[in-house]
Number of protein chains: 8
Amino acid sequence: MNSKTWKIYLAGEIHTTWRDHLQLAASEANLPVEFSSPELDHDSSDNCGVTILGAEDNAFWKDRKGAGINAIRTKNLIADSDIVIIKFGEKYRQWNAAFDAGFAHALNIPLIVIHPPEYNHALKEIDAAANAVAETPEQVIEILKYIAG
Amino acid sequence: MNSKTWKIYLAGEIHTTWRDHLQLAASEANLPVEFSSPELDHDSSDNCGVTILGAEDNAFWKDRKGAGINAIRTKNLIADSDIVIIKFGEKYRQWNAAFDAGFAHALNIPLIVIHPPEYNHALKEIDAAANAVAETPEQVIEILKYIAG
Amino acid sequence: MNSKTWKIYLAGEIHTTWRDHLQLAASEANLPVEFSSPELDHDSSDNCGVTILGAEDNAFWKDRKGAGINAIRTKNLIADSDIVIIKFGEKYRQWNAAFDAGFAHALNIPLIVIHPPEYNHALKEIDAAANAVAETPEQVIEILKYIAG
Amino acid sequence: MNSKTWKIYLAGEIHTTWRDHLQLAASEANLPVEFSSPELDHDSSDNCGVTILGAEDNAFWKDRKGAGINAIRTKNLIADSDIVIIKFGEKYRQWNAAFDAGFAHALNIPLIVIHPPEYNHALKEIDAAANAVAETPEQVIEILKYIAG
Amino acid sequence: MNSKTWKIYLAGEIHTTWRDHLQLAASEANLPVEFSSPELDHDSSDNCGVTILGAEDNAFWKDRKGAGINAIRTKNLIADSDIVIIKFGEKYRQWNAAFDAGFAHALNIPLIVIHPPEYNHALKEIDAAANAVAETPEQVIEILKYIAG
Amino acid sequence: MNSKTWKIYLAGEIHTTWRDHLQLAASEANLPVEFSSPELDHDSSDNCGVTILGAEDNAFWKDRKGAGINAIRTKNLIADSDIVIIKFGEKYRQWNAAFDAGFAHALNIPLIVIHPPEYNHALKEIDAAANAVAETPEQVIEILKYIAG
Amino acid sequence: MNSKTWKIYLAGEIHTTWRDHLQLAASEANLPVEFSSPELDHDSSDNCGVTILGAEDNAFWKDRKGAGINAIRTKNLIADSDIVIIKFGEKYRQWNAAFDAGFAHALNIPLIVIHPPEYNHALKEIDAAANAVAETPEQVIEILKYIAG
Amino acid sequence: MNSKTWKIYLAGEIHTTWRDHLQLAASEANLPVEFSSPELDHDSSDNCGVTILGAEDNAFWKDRKGAGINAIRTKNLIADSDIVIIKFGEKYRQWNAAFDAGFAHALNIPLIVIHPPEYNHALKEIDAAANAVAETPEQVIEILKYIAG
């Protein structure tokens with residue numbers, strides 16, 4: 001009987017198509033969910049600051065300008081969410097994914113974490129803060145079907 | 001003149017049809033209310049964790065997996081609610097119903113409690129935190145008609 | 001190096017001496033902890049309302065008067081706490097213990113739950129919300145030594 | 001004229017002695033600061049769950065038990081803090097350091113981040129959320145002297 | 001350019017038609033406002049508790065039952081509001097109007113107070129907490145036209 | 001075992017000596033309580049604004065200046081409190097007492113109300129929000145002894 | 001995939017047409033944004049208090065009456081916003097623009113500041129609190145296209 | 001009877017000795033107050049960022065580094081305060097003073113503003129948010145004596 005549309009933020013890994021799989025499956029299952037995400041174009045995300053607000057000699061401040069703009073989006077969308085899903089993948093250090101998880105957790109937003117088992121120990125604090133720890137996006141689809149279907 | 005649609009979470013007892021009675025009566029009276037609830041299928045609720053995320057040898061961790069997933073739903077829906085109605089029945093220990101009541105109360109959401117008079121003393125702390133203590137779902141329908149009708 | 005004095009609320013079961021064991025052990029280990037609790041005298045707790053504010057014919061309102069006064073204490077002490085420890089025992093329905101757990105959890109206060117394994121399934125939602133699930137007060141003492149020692 | 005004693009949580013890297021340097025310098029400079037930290041003994045931190053609450057066959061649940069207990073400490077101490085300092089070092093994935101940073105940031109606690117310049121790009125979101133980005137603990141001591149001295 | 005629909009709670013005096021005047025004027029001016037109010041039928045408001053939940057011998061508990069039910073409505077609608085307007089009139093003690101004003105003020109909801117000048121001194125604390133002090137509902141209509149028109 | 005010092009704000013009626021009775025009794029019983037109150041000198045309270053900040057021709061603005069200064073005190077002390085006690089007496093309209101009650105209630109601070117039974121109906125909303133309704137300060141002393149003694 | 005409509009409050013400078021440029025560009029780019037602003041008619045803003053609520057001899061209280069009414073609008077609209085954009089121009093002291101920036105920042109709403117470079121030093125605290133510092137409204141349009149487009 | 005020590009943050013103007021006058025008078029009157037303030041050495045405040053964290057070619061980023069460090073102090077001390085006093089003087093643009101006022105106001109901390117009458121109109125929004133508007137520090141001392149004396 002629940003008429004809620006669930007707002008779900010998809011954090012973490014941006015170089016694979018996991019968000020598309022989730023969205024497709026949710027759409028096929030007619031789930032009442034709305035996904036949001038950070039900027040997914042890596043170059044746009046890295047360069048938005050200097051492209052819009054002017055070049056910087058120093059890479060540190062170039063990053064600062066971009067991160068400030070990106071945070072307008074991510075802080076708003078995470079704070080708006082009913083669930084935050086974070087995927088930790090094989091590449092990159094992904095500290096921003098862990099940062100988003102901590103941010104959402106402090107706001108009392110339930111977390112679902114996706115990662116391969118070899119990261120179990122390294123991610124134990126985040127897993128313990130999460131409501132569910134999945135290994136694959138397919139499992140997350142099942143969770144969403146169960147909760148919102 | 002109030003145009004509000006009241007969001008109402010129905011906590012507690014899941015093995016009887018009290019929610020259906022409430023919904024039917026609200027629908028017949030055209031009340032501007034939207035009900036939500038925890039998962040009502042007892043087996044699904046118990047098994048969702050291991051069904052979706054993989055089997056567990058230990059019943060304790062099986063329960064943990066399921067409870068984590070169910071809490072994504074219940075925490076969101078309770079926090080979204082304008083009123084939380086909790087029915088304490090004759091069967092089971094129903095600690096989760098009391099837990100939900102405490103959770104909602106800390107969030108300043110008005111409570112309506114339904115229970116037979118023989119539980120008056122055992123439920124006195126929860127009754128004292130509630131805005132109304134009813135003996136039957138029919139009384140709750142009258143409250144909803146009065147508030148939202 | 002942490003100089004914090006930990007404020008710990010001991011909820012649940014009041015007819016056994018588990019609080020005394022915890023306090024004695026904490027005192028022997030010189031732990032920087034301050035315990036608080038609800039009123040532990042069962043009769044005083046039940047009768048405080050009518051004793052102080054006047055008799056009631058109706059047991060329901062007698063309980064209401066007492067519960068209101070007791071809640072001044074419990075709500076304040078729980079909200080003040082760094083940790084809430086809840087013991088579920090064999091006797092009584094203990095809905096107020098579960099209510100306190102939900103209340104504290106909504107306030108983001110870490111929970112430690114103590115109960116025998118036979119309640120694992122009935123308490124699965126509360127266990128999932130807790131930071132630790134112990135079977136005995138002795139285990140809780142070890143946790144406090146580890147955290148605050 | 002400020003009489004405040006500043007509470008400072010030292011997150012991140014636990015296998016080097018950076019916290020000791022900070023404490024020594026603060027003590028020599030008579031700064032009105034109180035430091036706190038997570039459990040610094042790596043083995044204790046990893047094993048506290050099973051040591052206290054009983055063994056687990058599954059490493060995932062062993063980690064869960066430990067992380068739950070550790071979080072009682074870290075969540076309390078971070079939430080109590082006026083400043084959270086996070087050191088990212090060369091070893092390990094340090095996702096919990098980034099998680100703590102996100103958690104503290106959502107609670108509006110100012111962050112100071114310490115990391116070598118080669119992590120500038122990978123940590124740009126956390127740096128942008130921070131009030132200061134230092135390369136060395138010595139710089140942090142200067143900040144504390146300036147603010148609290 | 002503001003597209004906001006303003007939610008306005010009309011507290012206080014229920015035995016005159018001031019709310020109707022406000023609504024009519026807002027409707028004629030096509031203002032984007034939605035009004036809400038407490039139960040306006042004095043008898044229903046007084047008797048709802050015992051009518052729905054069963055008679056009480058003691059008038060004090062009869063009032064308690066009714067006040068509990070009415071508070072489900074008033075607490076929700078006040079907390080939902082963008083503006084709370086409180087009219088203090090010539091009749092009755094109107095302590096609940098002042099209570100609503102204090103409640104709304106603590107929730108940071110702007111207050112507009114309506115009262116005749118002879119109450120200026122008696123209402124000075126509430127006037128000082130208000131954003132506007134009017135003598136007539138007509139002035140309040142002008143304020144709403146100015147803000148929301 | 002509770003070591004808490006209870007902070008108690010005494011609102012309402014300032015022209016009788018009820019606060020002194022409460023303080024004396026608390027002191028004789030060695031209760032760990034600290035009382036606070038609004039300015040109790042009626043003239044100082046009324047005139048503080050113009051005395052300090054300059055005269056006003058208009059009594060309305062004279063009152064505004066004074067109420068602004070008094071609110072610095074009352075808002076701080078109420079927000080600091082563990083319990084707010086409000087005495088409604090026979091004289092004056094006492095809207096500020098009711099306003100303080102609403103303010104404290106929205107901040108989740110338990111209320112104890114003192115008033116003669118003839119005000120039961122007029123104060124039913126405030127009584128329903130309170131944890132205890134007493135007729136005399138002596139009863140309040142008993143409550144404080146029970147809670148904090 | 002984000003379906004969010006972004007609510008954006010445009011604070012500061014009201015004597016130029018920068019808001020119109022922003023709105024036109026957003027409309028041409030079909031951005032899912034809703035702008036709001038303070039009252040933009042300088043005379044209405046200055047005189048609303050005395051026009052609606054009656055004349056004042058003293059300019060200070062005339063301003064107080066007007067500011068109270070204007071704050072009903074500005075506090076609501078700022079608190080509702082996802083982003084607050086503040087333009088500091090060449091004329092006037094613009095303390096209210098800086099006040100709005102501080103207010104929004106304390107509510108955790110991301111800020112975008114627009115000002116000419118010659119104010120860099122004078123605005124350094126506000127710039128440091130902002131997510132982006134632009135020199136022109138055109139740059140802000142690019143930010144909005146990037147975030148919400 | 002109030003035993004509170006009032007924490008008071010002194011914002012605004014740093015190039016005159018008004019804080020010293022306030023402190024001296026408070027000390028002579030034995031007021032239970034603790035003052036805090038931003039860094040009062042103008043050069044230290046401007047240069048702390050580059051002095052501690054390394055030089056910057058660009059003045060904008062030099063200011064950013066310093067403002068970040070200063071905000072660790074100011075945000076903490078303002079949030080800790082019971083009262084924020086802001087002095088607007090004749091020199092400089094003082095946008096940070098107005099920013100601090102808005103920040104404190106959103107945190108519900110009572111404001112006292114000091115400024116010469118010629119700024120009445122330019123500061124009307126901040127004055128309307130304040131509990132008291134003084135022309136001189138001497139008047140503020142009288143307020144503190146009245147409130148805390």
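Visitor: How far apart are the closest C-alpha atoms of chain D and chain F?

Guide: No contact joins chain D and chain F. The model is predicted, and in it the closest C-alpha atoms of these two chains lie apart by 18 Å.

Visitor: And what is the distance between the closest C-alpha atoms of chain D and chain E?

Guide: Chain D and chain E are likewise a pair that no contact joins. Their closest C-alpha atoms are separated by 20 Å.

Visitor: Which three residues of chain F lose the most area to chain G?

Guide: Chain F and chain G do touch, with five residues of chain F in contact with five residues of chain G. The area buried between the two is about 400 Å², and carbon and sulfur atoms give 65% of that area. On the side of chain F, three residues together account for 85% of what is buried: Glu56(F), Trp61(F) and Arg64(F).

Visitor: How many residues on the side of chain F that touches chain G are charged?

Guide: The rule finds zero salt bridges across the interface of chain F and chain G, while two residue pairs are in polar contact. By class, the side of chain F that touches chain G has one nonpolar residue and one polar residue, and the number of charged residues is three.

Visitor: Which three residues of chain B supply more of the area buried against chain C than any other three?

Guide: Here 35 residues of chain B are in contact with 35 residues of chain C. The two chains bury about 3100 Å² between them, with 66% of it on carbon and sulfur atoms. Of the area that chain B buries against chain C, 25% is supplied by Arg93(B), Trp95(B) and Phe99(B).

Visitor: Which helix gives the largest share of the side of chain B that touches chain C?

Guide: Between chain B and chain C, ten residue pairs are in polar contact. Helices α3, α4 and α5 of chain B each supply at least two residues of the side that touches chain C. The largest share, nine residues, comes from α4(B).

Visitor: What is the N to O distance in the salt bridge of Lys124(C) and Asp46(B)?

Guide: Across the interface of chain B and chain C the rule finds two salt bridges. In one of them the side chains of Lys124(C) and Asp46(B) meet. The N to O distance is 3.6 Å.

Visitor: Is His105(C) buried or exposed?

Guide: His105(C) is found in helix α4 of chain C, residues 95-106. Apart from neighbours within four places in sequence, His105(C) is in contact with Lys75(B), Phe99(B) and Phe103(B), and also with Leu111(C) and Ala129(C). The cut-off for burial is under 20% relative accessible area. His105(C) has a relative accessibility of 17%, so this residue counts as buried.

Visitor: How many of the twelve residues of α6(D) are buried?

Guide: Helix α6 of chain D covers residues 137-148, and its end C-alpha atoms are 16 Å apart, which agrees with the span expected at 1.5 Å a residue. Among its buried residues are Pro137(D), Val140(D), Leu144(D) and Tyr146(D). The helix is largely enclosed by the rest of the structure because the number of buried residues is nine.

Visitor: What separation do the C-alpha atoms of Ala148(B) and Arg64(B) have?

Guide: Ala148(B) lies in helix α6 of chain B and is buried, with a relative accessible area of 12%. Leaving aside neighbours within four places in sequence, Ala148(B) is in contact with Trp6(B), Pro32(B) and Val33(B). Arg64(B) is 84 residues from Ala148(B) along the chain, and their C-alpha atoms are separated by 38 Å.

Definitions and conventions
Residues are numbered from 1 along each chain as its sequence is written. Chains are lettered from A and ligands numbered from 1 in the order in which they are written. This is a predicted model: local features need pLDDT of at least 70, side-chain atom pairs count only at pLDDT 80 or more; totals for chains, interfaces and linings use all residues. Side-chain values use heavy atoms; hydrogens and water are left out. Contact means heavy atoms within 4.5 Å. Buried area is the accessible area (1.4 Å probe) that two parts lose on being put together, summed over both. A salt bridge is a side-chain nitrogen of Lys or Arg within 4 Å of a carboxyl oxygen of Asp or Glu. A polar contact is a pair of N or O atoms within 3.5 Å; within protein, one must be able to donate a hydrogen and the other to accept it, and residues adjacent in sequence count only if both atoms are side-chain atoms. Ala, Val, Leu, Ile, Met, Phe, Trp, Tyr, Cys and Pro count as nonpolar, Asp, Glu, Lys and Arg as charged, and the others, Gly among them, as polar. Helices (H or I, at least four residues) and strands (E, at least two) are DSSP runs, numbered from the N terminus. Buried means under 20% relative accessible area, exposed over 50%, partly exposed in between (1.4 Å probe, protein chains only). The expected span of a helix is 1.5 Å times one less than its number of residues.
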